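Reader: I'm new to this one. Can you walk me through it?
Author: Sure, let's take a look.

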Amino acid sequence: MLLQAKSITHYFGGLCAVSDFNLDLQAGELVGIIGPNGAGKTTIFNLITGVYRSTQGSFQFEGTELVGLRSNRITDLGIARTFQNIRLFQELTVLDNVRIANYGQIHYSPFVSLFHIGRFGLEEDRTIDEAMDLLAVFKLEDYADETSKNLPYGLQRRLEIARALATHPKLLLLDEPAAGMNPNEIMLLMDFIQWIRQEFKLTIILIEHQMRLVMGICERIKVLDFGATIAEGLPAEIQNNPKVLEAYLGEGAEL
Amino acid sequence: MNKKQIVSSSLLLIAIILLALLPLMTKKNSTINLVILLLLYMTLASSWNILGGYTGQTNLGHAAFFGIGSLITRLLWIGGIPFSIAFLAGGIGAVALALLIGIPAFKLRGVYFAIGTLALAQILNLTVSNIFPEMSYNPNLADYQLMPRYYLFLVLAILTIGSAYFLVNSKWGLGMMAVREGEDAAESLGISALKHKLLALSVSAFFAGLVGGAFAYYHVSYYLSMPFGPEWTFDPMMMAYIGGTGTIIGPIIGAVFFVGLKQFLVWNVGEYHLIIFGTLFILIVLFLPGGLVEAWNKSRRLLQSRTGQKKNRVVPIT
């Protein structure tokens with residue numbers, strides 16, 4: 001078991017954003033979380049990654065309790081994420097965006113930084129090489145010195161995923177990676193996600209609105225509505241679940 | 001090293017040599033005093049920039065660190081302790097004070113740090129002026145020499161700017177900039193925002209404290225609360241903005257520009273220079289948030305695209 005969520009419940013003030021969320025995630029799985037806007041999908045990512053601290057329940061990642069840990073510690077354990085609205089370090093170059101994510105692997109003290117002595121050069125060169133290798137894998141190496149805000153939208157998405165992978169995660173959380181993409185781009189993205197999954201031996205949780213993408217690649221789907229899990233199962237089961245249709249289309253709707 | 005780096009490092013070397021030889025070139029104390037003021041401001045603005053420009057945390061109480069450094073150094077030194085020890089104690093005292101305000105304030109996000117530092121400087125200003133209402137005099141006036149003071153300020157400015165340069169070109173500096181660009185994203189990549197903010201704050205306060213100590217060594221007589229005054233926060237901050245925050249050269253250019261313009265305006269329009277500076281600051285923040293450095297880069301880009309050399313991408317001077 002890679003990640004286990006046990007009765008996770010989270011309140012924002014009096015509002016119950018997530019109630020009794022459970023998940024058993026095996027290594028290598030690709031699980032989708034879908035649901036209407038405001039269903040609590042992104043909140044679950046924020047709870048896993050320690051942006052919020054869940055009111056109740058526990059997340060066990062390879063046996064380690066995540067609730068109460070700071071975001072950066074959780075990243076060190078091997079969980080990386082992307083954001084719904086791309087959050088690149090806009091003023092920094094493409095290379096630096098990835099270089100930063102290599103952070104856990106660089107070891108020198110602030111004192112060494114002040115004088116650029118000792119292992120400084122060695123460690124920096126190694127990090128730059130690694131970052132460039134990763135950019136090459138993602139076909140971004142030509143943009144290495146470009147300020148990241150100048151990249152076209154699709155490449156910004158790709159860079160954000162590359163950056164997340166630079167932290168060497170075991171579990172990758174993708175928050176609406178297909179947002180703003182056309183059907184053709186979504187097809188490419190599906191291949192891309194399958195490919196990084198194999199190449200980097202990842203377990204993936206995917207939040208998505210684009211049914212084409214979710215139904216196409218997820219092995220298992222959980223459906224949230226108003227914070228509660230209303231359905232769970234294989235893509236085919238979800239598609240015909242009356243509760244899901246009701247949540248998305250309203251009561252009495254038929255397809 | 002490429003051509004650009006050779007040019008800029010030789011320019012830097014020439015500037016340092018000229019500054020080092022300045023006392024041989026002029027016998028006028030007024031010139032030396034003016035350059036001391038310039039070096040002091042460069043140090044303050046550069047140290048402010050480490051936290052404010054590179055880490056994105058607005059420190060509205062830099063005077064607190066400058067002031068505490070000068071206070072500690074002055075009291076110890078006048079009290080008979082060797083200057084070098086008193087000087088170092090001032091820097092360390094400033095770091096201690098910085099951590100005292102930084103640790104609680106940085107646990108919260110948003111404006112708490114800005115408000116906290118603003119309040120800290122004001123509280124210290126009032127407290128120190130109540131505890132030490134008398135003017136502080138240098139008792140050994142007979143031994144007073146300007147030259148050691150000048151070189152202390154020069155070395156300190158070089159040390160501060162050099163440290164800032166080395167720090168921001170390291171993984172710690174990269175982390176600081178990541179925190180500035182987006183705290184959530186930085187933390188999601190394993191960067192501790194708190195650690196980086198505290199590091200930037202400590203380095204920033206350390207050099208502010210040291211230059212406070214140099215100030216205490218330099219001034220013959222002043223009120224001990226004077227270095228806590230808000231102008232020691234806002235003038236250096238304005239210099240960083242005028243030159244360009246988040247760049248190494250920005251605060252240096254800003255300090256030269258600020259001191260030069262101030263001299264000029266004080267001679268010509270007297271007290272009205274405050275109005276002009278206020279207006280200038282607002283205009284720069286509104287229309288040129290990257291300061292003179294950005295203006296320079298932009299105009300070069302414009303010039304290059306006019307002359308059709310689009311291939312040569314402009315590397316921003318940092």
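Reader: How many residues does each chain bring to the contact?
Author: Chain A gives 32 residues and chain B gives 27 residues. Keep in mind that this is a predicted model.

Reader: Which residues in chain A lose the most area to chain B?
Author: A:Phe89, A:Tyr103 and A:Leu114. Together they make up 25% of what that side buries.

Reader: And what area is buried between chain A and chain B?
Author: About 2,600 Å². Carbon and sulfur atoms give 64% of that area.

Reader: How many salt bridges across the interface?
Author: The rule finds 2 between chain A and chain B. One of them joins A:Arg70 to B:Glu187, with the closest N and O atoms 3.5 Å apart.

Reader: What kinds of residues are on chain A's side?
Author: The side touching chain B has 13 nonpolar, 8 polar and 11 charged residues.

Reader: How many residue pairs are in polar contact between the chains?
Author: The count is 6 residue pairs between chain A and chain B.

Reader: Which elements of chain A give two or more residues there?
Author: Helices α2 (71-77), α3 (94-101), α4 (110-115), α5 (120-137) and α6 (153-165).

Reader: New topic. Where is B:Phe207?
Author: In helix α9 of chain B, residues 193-218.

Reader: Buried or exposed?
Author: B:Phe207 is buried, because its relative accessible area is 5%, under the 20% cut-off.

Reader: What does B:Phe207 touch, sequence neighbours aside?
Author: Beyond four places in sequence, B:Phe207 contacts B:Thr43, B:Ser47, B:Leu159, B:Thr160 and B:Ser163. B:Leu44 is 163 residues away along the chain, yet its C-alpha atom and that of B:Phe207 are separated by 7.6 Å.

Technical notes:
Residues numbered from 1 in each chain as written. Chains lettered and ligands numbered in written order. Predicted model: local features only at pLDDT ≥ 70, side-chain atom pairs only at ≥ 80, totals over all residues. Heavy atoms only, no water. Helix = DSSP H or I, 4+ residues; strand = E, 2+ residues; numbered from the N terminus. Buried < 20%, exposed > 50% of the residue type's maximum accessible area, 1.4 Å probe, protein only. Contact = heavy atoms within 4.5 Å. Buried area = accessible area lost by both parts, 1.4 Å probe. Salt bridge = Lys/Arg side-chain N within 4 Å of Asp/Glu carboxyl O. Polar contact = N/O pair within 3.5 Å; in protein donor to acceptor, adjacent residues only side chain to side chain. Nonpolar A, V, L, I, M, F, W, Y, C, P; charged D, E, K, R; others polar.
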